[in-house]
Amino acid sequence: MRRLKKILLWFISLYSLTLLILYFFQEKILFQPEELSRDYVFKFDHEFEEFFLETDDNSLLNGIHFVNENPKGVILYFHGNRGSLKRWGNIASFFAKKQYDVVVMDYRGYGKSTGDISEQKLYTDAQLFYDYILDRYPEYQVIVYGRSIGTGIATKIASDNQPCNLILETPYYNMKDVVESWLPHFPTNALLRYKIPSNKFIQDVACDITIYHGTIDAVVPYASGERLFKSIPVPNKRMVTVKNGSHNDLIEFEEYQNSIDKVLKKY
């Protein structure tokens, strides 16, 4: 009986500790930025311009704008939760080489961007970059692209505006759905401060929507992306399933390479 009580006490302690970590350290779990000095010099193998946008609370947000002489359109790219533009600029330049201009931002606390992060600030900052694009391109040429945690931000922006296309790589139904896949049987809804309800935002997206998801994604389960896809009300939707694709390697598969050009041309 004593041994059973010890096991039960150990289990309760571990459960309580996990709850405390999830509540107090969720920002450090969800957001894993790489900080860069203000004088860091980006080096990419495609022509680009670096710029900063100032927010209403006087934070500075760093962005990279890849440019082409006669672009096919412009992509606003929202990156994943780890790293900085040092990494994501190289990834986004894939689209610049396809003759699309690309704008990619660093979230608050990432790279050279300043300010404290919050869910609402993610959305308002993203809109600031969308407005930056609208000052330079017609909206019918705007493609919104989200990767991983950036898919929720991309979906929010597409729901509030009228881009020609929304592309989501490894998206989630909502943040609760993802965290519950990591920590089943925990009251995640009560603990999470970052909801990012992509499933709600996507109901108001009017443009074409394409989802890419790998079947062995260990970060955002394939089932979560599939659930999001099934919730989309518009008929002009497509889900590209990448068999044996994981979270960070979809670009290496034929399913992605053979379809992305056609998806980008939808406008």
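## Close-up views of the predicted model

**View 1. Where helices α4 and α5 meet.** On the α4 side, L122, Y123, A126, Q127 and Y130 meet I153, K156, I157 and D160 of α5 (contact means heavy atoms within 4.5 Å). Everything shown here is a predicted model, in which local features need pLDDT of at least 70 and side-chain atom pairs count only at pLDDT 80 or more, while totals for chains, interfaces and linings use all residues. Residues are numbered from 1 along each chain as its sequence is written, and side-chain values use heavy atoms, with hydrogens and water left out. Helices (H or I, at least four residues) and strands (E, at least two) are DSSP runs, numbered from the N terminus. Helix α4 covers residues 119-134 and α5 covers residues 150-160; they pack at an angle of about 60°, with axes 10 Å apart. Axes are lines fitted to C-alpha atoms, for helices over the stretch in contact, and angles run from 0 to 180 degrees between N-to-C directions. With that angle, α4 is oblique to α5 (under 35 degrees counts as roughly parallel, over 145 as roughly antiparallel, 65 to 115 as roughly perpendicular, and the rest as oblique). The residues of this contact split into 6 nonpolar, 1 polar and 2 charged; Ala, Val, Leu, Ile, Met, Phe, Trp, Tyr, Cys and Pro count as nonpolar, Asp, Glu, Lys and Arg as charged, and the others, Gly among them, as polar.

**View 2. An open sheet of 8 strands.** Read across the sheet, the order is β2-β3-β6-β4-β7-β8-β9-β10, and the pairing is mixed (two strands pair if DSSP finds at least two bridges between them). β2 (48-54) and β10 sit at the edges with a single partner strand each, so each has one side without a neighbour in the sheet. Ignoring direction, neighbouring strands are turned by 20° against each other on average. Helix α3 (residues 85-96) packs on this sheet and touches β3 (60-66), β4 (74-78), β6 (101-105) and β7, its direction making about 30° with that of β3. Further along, β7 (residues 142-147) pairs with β8 in the parallel sense over 5 bridges, and Y145 stands opposite I167 in β8.

**View 3. Strand β6 and its two partners.** β6 pairs with β3 in the antiparallel sense over 4 bridges, and with β4 in the parallel sense over 4 bridges. On the β3 side, H65 has V103 as its bridge partner; on the β4 side, V74 stands opposite D101. In a regular strand, side chains alternate between the two faces of the sheet. Here D101, V103 and M105 point one way, V102 and V104 the other way, and all are buried (buried means under 20% relative accessible area, exposed over 50%, partly exposed in between, with a 1.4 Å probe and protein chains only). With 5 of the 5 residues of β6 buried, the strand is largely enclosed by the rest of the structure.

**View 4. A zoom on D101.** This aspartate belongs to strand β6 and counts as buried at 4% relative accessibility. Leaving out residues up to four places away in sequence, D101 touches H65, F66, V67, N68, P71, G73, V74, I75 and Y137. D101 and I75 are 26 residues apart in sequence, with 6.2 Å between their C-alpha atoms.

**View 5. What covers helix α9.** In α9 (residues 222-231), Y222, S224, G225, L228, F229 and S231 are buried. Their cover includes β8 (165-169), α6 (175-182), α8 (198-201), β9 (208-214) and β10 (237-242).

**View 6. V263 in its pocket of contacts.** V263 sits in helix α11 (residues 260-264) and is buried, at 0% relative accessible area. Setting aside neighbours within four places in sequence, V263 is in contact with N165, I167, T210, Y212 and R238. The C-alpha atoms of V263 and I209 are 9.1 Å apart, for residues separated by 54 places along the chain.

**View 7. Two asparagines with positive phi.** N58, in the loop between β2 and β3, has phi near 70° and is exposed at 60% relative accessible area. N244, in the loop between β10 and α10 (254-257), has a positive phi of about 70° too, but is partly exposed, at 45%.
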